[in-house]
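Grab a pencil and work through a few exercises on the model shown here. Each one has a task and then a stepwise solution.

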Amino acid sequence: MKKLLLLGVLMVASCAPLIAQMKQVTGKVTSSDDGSALPGVSVSAKGSARGTTTSADGSYSIQVADGASLVFSFVGYTSQTLPVGNRSVINVQLASDNKQLSEVVVVGYGTKKRTEFTGSASTIKAATIAERPVQSFSQGLTGQAAGVNITQPNGLLNNPPVIRVRGLSSLSLSSFPLVVIDGIPISTDNVSANSTTNNPLADINPSDIESIDVLKDAASAAIYGSRAGAGVLLITTKRGKSGKAKVSIDSWAGVSQAVRLPDVLNAQQYMDHKNMAIANALLLNPNAVTSTQRNSENKSFLPNYNPDGSLIDTDWYKEVYQTAVSQNHNMTITGGNDKTSYYFSGGYSDQDGFLRNNTFQRRSGRFNLDHQATKWLKLTTNINYSNTFNRAPMSGSNAGGAFNTSGLGRIAVAQVPNLPAYLPDGSYNLENNTVGRMNNLLPAQFPNPAVVRDLDKITSENTRLIANLGAEIRILEGLTAKTSYSWDRRNTENIRFFNPFNGDGWSTSGDAYNNTARSDNWNWINTLQYNLTLAEKHNFSAIVGSDVQKTRVLNWGAQRQTLADFFFTDFQGNFGTNLAAGNGIYQVSYEAYFANLSYNFKGKYFVSGNIRRDGNSALSTENRWGDFGGVSLGWTVSEEEFFKNMDLGNTISSFRLKASYGKVGNGNVPNAYGSYSTFGSGLYGAVPTLSFNQAGNKDLKWETSAQTNVGLDLSFLNDRITLEANYYYKDINNLILNVPQAPSKGIPGNSILANVGAMYNKGFEIALTATPINTGKFSWNTNLNFATNENMVTSLVDANTPILTNTSGLEATSITKVGYSAAQIYGVKTGGVNPANGRRIFIKRDGTKVQYLHLGGANAWTTLDGKPTTSPSSEQQILGNTLPTFYGGFNNTFKYAGFDLGLNFTFSGGNYIYNGSQAGLRDQRVWNNSVEVLTSWKKEGDITEIPRAVYGDNVSNGSSFLIDANIQKGDFLRLQTATLGYKIPADLSRLGISSLRVYAQGTNLFLLTPYKGVDPEISSNGDSNLASGIERNSIPQARAFTFGINIGL
Amino acid sequence: MKLFTNKIGYLTIAFAMTVSSCSKDFLNAVPELDLSDATVFSTPARVLSQVNGLYGSAKSGSLFGGRYLIYNDIRGEEFVNRTTNSVTGYSTYQGNQDPSDTYLAGFWIQGYLTINRANLFLEGLTANPNAVSSTLAANYRGEAKFIRALTYFSLVQFFAKPYILDKGASPGLPLRLKGETSSSNNNLARSTVAQVYDQILKDLNEAETELPDSYSTALLNTTRAHKNTAIALKTRVLLAKGDYAGVITEANKIVSAAAPFRSTTRVAHALQADVSAVFKAPYTTTESIFSFPMDATNAPGTQNQLGYYFNAGNVEYYLNTGSTGIYSHPQFAATDDRKTKLTVATTAIARFPSSTKFSGVSPYIDFVPNIRYAEVLLNLAEAEAEAGNLNRAISILNAVHKRSDATYEFTGLDTKANVVRAILTERRIEFLAEGFRANDVLRRGEPLNSFGAGTLIQPSDPRYIYGIPLVETQTNPGIGN
C-alpha cells in the first residue's frame, strides 16, 4: 500500500515540466579512435530528462527545445556537451577515456556517473585481468584499487585469495567482501571438501567481465545493508553492442615454476649433520636413539648407493615441483540491432601448477542478451554455464592442511635426502608408511612423495549455472520499474582417493571419500526508480525496492576404506568398510526492503541518503531484523563561478569534496543455526546416541559497522592528472565472536557465538592517475594507489580474555587482544644462542633468561647460571602485527606506435609474518634441514643463530611452541606483471581481421623483501581473520611467463 | 493512460508477489540434522539415546577410546617410540609434555564435555519426571553418575598430584556438577584432590544403588554400567586413595572369599580360562566388566587406535626388551600366554616385539577394555597384602598369574613388600597396553621410570603430572597453576 502511495506521489510530480518549442536533431556518433559507429550512446538534452540512445549504426534522433545543449555520454568515453544552436544535424566523435572521473560507477541496484557519486568506490577495468595466468578474477585484483588488499595464500591453483576492503571487517565472521555478479550475491568460500582448493569465483570466466566496482564506504555499500560490512565487489559482465557481429579471439599459453625454494642439505651434509646430532643426544640420554637404531659408531644415517656406485642424493623438489604449462582460450561474438543486442562467449582454460598433478580446467559459456521489446519494456537475460575442475595432491597448502603428514609442501623440504624415490627396478621405495630407509637405521617419517603425487586422486569439480532474467518497464518519463530474478545453481563433486601404499590411505589400506554438494541460490530484486529534474537545477533520483535471497545447500557423501584388492583406484571399487561422511543440510535466507533518495543542485551540491531493513535467518528470531542506512554529501567546487574565475580554475579542471556516513551489517554468520541449542545424533557401538553438541545464543543479533568517509576528487590540466583521496573510519560493533568458554564447562567446541566485541579500521587512501607523457605517438599512463590501514580491537569479552587461535588446529600462533590489531603473532621471546654452550636462550615475561637443553631431563630448562627452572612455553608475549599497515599498486602503461608495455608493481608492508616453515627447516628430528644448520653451534665461543644440534630437538627451533626467532618482517615490493604487447599495424582486412595484437607477459618477475620464507604474500590459514600472516609448510608462489594473442574479426 | 494503469497493475502484482513470498516462514531456518534441546526428553527412546550419548562421549578416541590409555602406557618403561611423531605422543613419551599440548588438552576438553553432558542429563531427568518410568530414571541417573565418576577420576589422576602423596590436599580439578549452556561461570577454582575423590565416591555409591543388577545381553552387561560396574570402579578409586579396607569391602561384594574367585551376585564375573579370549570378538565375556564397544561405523578415529600404536597398525611404540621393561622380567616367562598369545616377536612394520592385544586392523574395532575382572582381583590382592592378609593376596595373585602360566611358581613371597611388589609386577604383565602403567606408578607416589626421558621422574619433578592445559588457564582465571 505504501508503495502504491509513493507511486502516486511520483506520478503527480512527473506532470510538472512543461514543454517548450521543440525541434528535431539527428546525427551520428562515432569513435575518435577508429571512426567506427558507436551504438548505445546516451544522447540527452541538458537539464531535462529527455533522452535517447544511438542505434546500431551510431545514429540518433531527438526532439529538443530551442537553445538546448545535447549531452553525449557513453561508458568508456569522454562525455561531450554541444549547444544545438540552429543546427539540425550534429555529428559527434567521442574520444575514449580511461580516466576514472568521467566514468560511471556501478552501485547498488543501478549505476551512477562518477561526477555525481559521493561515496567511495574504485572501478577496475577487467581487460588486464583477462590476460593474466590466474584461475579467478579475484586473483587479478592485486594492486588495482586503493584500499583493496589482496593476498594470494600460496601457489596452489585456485586457492581463494584473501581480499580485505579497508582492513579487517570482522573477527569471527567473514571479512571477505560481498561479491555480486550482475545483481546476484554469490558465495565466495572455498567449496572443496578435500585438500584441493576450489574457489567458486573461478566459475566466472575473467574474460567475460567488463568491470569490477569495489564499494568501500557505507554511502555506496549501505544499499546492500546487512551484507556490506566487508565492502562489496560488483562484477558486471560484458554485454552486446548493437552493430554487425564482432568476433574476438583471445588466447594465451605459458609456463610457470616455483620460486624461492629454500636450500636444503644434500645427502652427505644430511648424514653428517644428523649423525653429529645423534652423538650429541646420546651424551644426554642413552635411550635418545635406541641401540638397535644405530651402528657401533653410533651413526644411524649411512650412505646409500645407486647401481653405478654413486651416492644417492635425491633432490625431492624434482619429485614435487615442475615447470608447468598452461593455456587459455576465449572466443566472443557480440552484436545486435537497434532492438536486440547479444554477447556470446565460450572459454576454455587448462592450467597446470608448478606443483605436480595440480591442475585447473574451466570450460564456460556465457550468453547475455538485451532486448527492447516495446518502447516501455526492456528485457535482459544472462546465462552462464561453466564447469571447473580442480585437482591437487595433498600439498599442506590449503587452509587447515598445514600439518598434513603427506603434505607435499613440507615433504619436499623435509624428506630424507640420502634415500631414493625409486628402487633400481623402477618401483617405489617404500617402508610402511614412509619412504624406505635403505641403509639408514632410523626410519624416515614422511611418505614417499612420488607415491602421494602419482596415486592419490583428489579433485573438486563444479558444474554451475548462473542465470538471470530481468525486465525494465518504463512507466513514465523518468519512472522505471525493474525486476530481476537470478538463479545460481552449483553442483560440486569432491573426490578423494588415498592410495593404500603410502600416505593417508596406508593405515586403512586405501580410503575413498566422495562428497557432492548441491547449492541452490536464488535472488529476486524489484526496484522502482524515478528521476526528475525541476527547473533545470534540481535533480532528484529515488529508488525503492525489495531484495530476497535464499540459499540452500545439500551435502551427501560416503567414505570407504580397506580395499578388497589394490587393483581398485576409485570410490566405485570394492571396499570392506563403508561409512557415512560429508553429509549436511543448511539454509540461509535474507529479506530486505530499501529506499534511496539522491538530490543534486545544478551538479554542484549533492546529497544522498538510503535506508534499508534487513532480515537474516541465521540470527535469533527476536533479533533477526536490522535497520541500516547512510547519508552522503558532495560539493563540486569547480562548478562554482568563483572557482571558475580563479586562476587556479584553469589548472584544476575538477574539484570536489565529499563526505559520507552510514551503518551497515555483516550477514556472513558462520553458523546458519547459531541461535539454537542442539543435540547431535551419533553412535555408541551400534546403538544410536544423542549428545549436546551446540550451546546456542538466543540473543544473537546483527554485527554492525558504522563507516565514515571524507574525500576529495581533483583533476588537473584537463583531467591529465586526477587524484582521489579519502580518509575512512570503520567502527565495527557487536562483533559476533566465538566467545571462548573455559573448557571445564564442557561447552561443545568450548565456544558460544555472542555479540561482544568492537574494533575499528582507519586510514587514508590515495589514487593518483596521470598521463605524464602523451605525444600522440608515445604515451605513458600511470596509476599509483596507496592505502594505509590501522586496525584496533577495542573490546572483546573483556580486556583480559584474548582470542587465541591455532594454525591448522595444532600450533598456537595467534592472539587477538584488546588494544592491539587483530591476529598478532603470539609466542615466546628468545635471546639467541648461548655462545658458552650452544643452547637457545628463551626470555620469560618477567625478562628472565632461561636456556634449553634437549634431553636434559630435570635440567632441560635452566637459568643462565645453571639452576633448574620451569619451561617458558606458557610465557608467550605479543610479538608482531600481521595486518599490513600500508599497501598499494603502481601501474604503468607505455605506448609507442603499435607497442604497449605494462608494468604493474604491488607493495605492502608494516606487518610481520610468522615463518613457521623455518621452524620445520631447523627441526632436529629425522627431517631434512635448511643449509643454515651447517652453522650450528659446535664449540664454546661460537656465535651463531643455530643452537647445538641434539637429535630429536623440536623445542630449540620453535616446532614445539612458537618462538620469535621465526618471525620476520613482511614488507615487499613485487613486479606483479610486466606485459609487452604489439598491435600489428598492417591492414589485415583482406583476411577479415580487423585487429591483431600479440603480447608476452611475465608474472612475479622480481620481489624485494626482507622476508625469508617462500613469499611474503602468504596465508597458510586462508581467509582466517584471527590467524593471518602465518606461513606453515606451504608451497611457494609461481613465476610465470605467458604469450598471448588478441584477434578481432 | 490505459496502458499506464495496466503497468501499475503488473507492478503491484510483482511487488505483491515479492512480499508474499516473504511470508513469516521465509526467514525461519531451523537445524534439520540436529535436534532442538527442547525435544530430547520427548520420547523414552530419545532419553535412552542420551544415556548412550554419555558413554559415546566418554569413548571418544581422544579419551577412553584410545589416547587416555596410550598416554598412560608410553610414559613408563614398557614401550619404545618408533616414529618420533609429536602427534602420536612423542613429547609425552620423552617427558617433554607441556600445558600447550593439544592432545593433553584433549583429555581435559573431552573429559569435561562428557561431565557437562552427564550434568545436563541429570538436570534434564529431574526437569522431565515423566519422560521415562521411575525405575528407568533411577537406572539412567546411576549410569550418568558412573560416567561422571569415571571421568573425574581419570582426569584427577592425570592433572593433579596423586592423593597418596598428601592425602589429597593438593589442588585437584574444578568440580563442575551443574549443566553449563551459557557464557557465564567460566571462573571456577580447583577443588582439592580429596574433594574430587569425595565426589567420585559419592557418585559411585549412589550409582550402586540406582543402577540395574544386569541387562538382557552380554553386550549390554559389558558396555553399560550395572551395579557391579560401579562397585568395580570403586575398588580402583579406593586403591588410589590408599583406603585398603574400603577396597576389600567393595571387592568382596563381587569376589568370592576363596578360589576360584568369581562374582556370585548379579552378573557372574570371572576370569576366562584363556586370557586372549577377552580380547577377541565378541569381547563380551564376563571378565569384561566394562568396555567401550567399537564398530566400523563408530571407530576410534585416526591416530587414536590402540592397534595402530602398539600393533601392526603402525607400531608407533614397540615393546622395550631391555632390562627395565616388563617384557624381559622373570615373572613374565616365555611360556606365559600373555606373551605367547598377546605379543609377537616381530611385525611387518618393525623388527621388534609388539603387543597384539588389539589385533584388529583398520578400522580398528577391537573393544577397548576399561574395567576387567582381573583388575578387581589384583586391586583386591594389593589391598589385602597392604592390609596384612598375605595369604588371600597370594592366592588371588596366583589365580591371575596361573591362568596364563600354569606352571609358574612365585618365590620369595614372604614379606608384605615382596607380595605387593609381585602384585604390582603382575599388573604390568596383565594390563600391558591397557592404559594402567603411569597411573599405577603415580597412585603409589613412586618415581616414573620413563624410557623416553631416559631417566626416573621423581614425584617432585614438574613432569610427574600434566599441567593444567593452557586453554583452561587462559579462559578460567580462577584455576591457578
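**Exercise 1: strands across the chains**

Task: in which sense do strand E33 (residues 678–684) of chain A and E1(B) pair, and over how many bridges?

Solution. Step 1: E33 of chain A and E1(B) pair in the antiparallel sense, over two bridges. Pairing here needs at least two bridges found by DSSP between the strands; strands are DSSP runs of E with at least two residues, helices are H or I runs of at least four, and both are numbered from the N terminus. Step 2: pick out a bridge; A:Phe679 has B:Leu35 as its partner in E1(B).

A quick note before you go on: this is a predicted model, where local features need pLDDT of at least 70, side-chain atom pairs count only at pLDDT 80 or more, and totals for chains, interfaces and linings use all residues. Residues are numbered from 1 along each chain as its sequence is written, with chains lettered from A and ligands numbered from 1 in the order in which they are written.

**Exercise 2: the rest of the interface**

Task: which elements of chain B give two or more residues to the side that touches chain A?

Solution. Step 1: count the contacts; 85 residues of chain B touch 87 residues of chain A, a contact being two C-beta atoms, placed from the backbone, within 7 Å. Step 2: list the elements of chain B: helices H1 (2–21), H2 (44–58), H5 (102–127) and H18 (470–475), plus strand E1 (35–36). Step 3: sort that side of chain B by class, which gives 36 nonpolar, 35 polar and 14 charged residues. Nonpolar covers Ala, Val, Leu, Ile, Met, Phe, Trp, Tyr, Cys and Pro; charged covers Asp, Glu, Lys and Arg; the others, Gly among them, are polar.

**Exercise 3: a helix pair in chain B**

Task: how do H10(B) and H11(B) cross?

Solution. Step 1: the axes of H10(B) (residues 227–241) and H11(B) (residues 244–252) come within 8 Å and cross at roughly 170 degrees. Axes are lines fitted to C-alpha atoms, for helices over the stretch in contact, with angles from 0 to 180 degrees between N-to-C directions. Step 2: the two helices are therefore roughly antiparallel, the word for angles over 145 degrees. Step 3: the residues in contact include B:Leu238 of H10(B) and B:Val247 of H11(B).

**Exercise 4: a run of strands in chain A**

Task: which strands does E31(A) join?

Solution. Step 1: eleven bridges join E30 (residues 605–616) to E31 (residues 625–636), antiparallel; A:Arg612 stands opposite A:Phe628. Step 2: eight bridges join E31(A) to E32 (residues 652–666), also antiparallel, with A:Leu633 opposite A:Ala659.

Notes:
Parallel < 35°, antiparallel > 145°, perpendicular 65-115°, else oblique.
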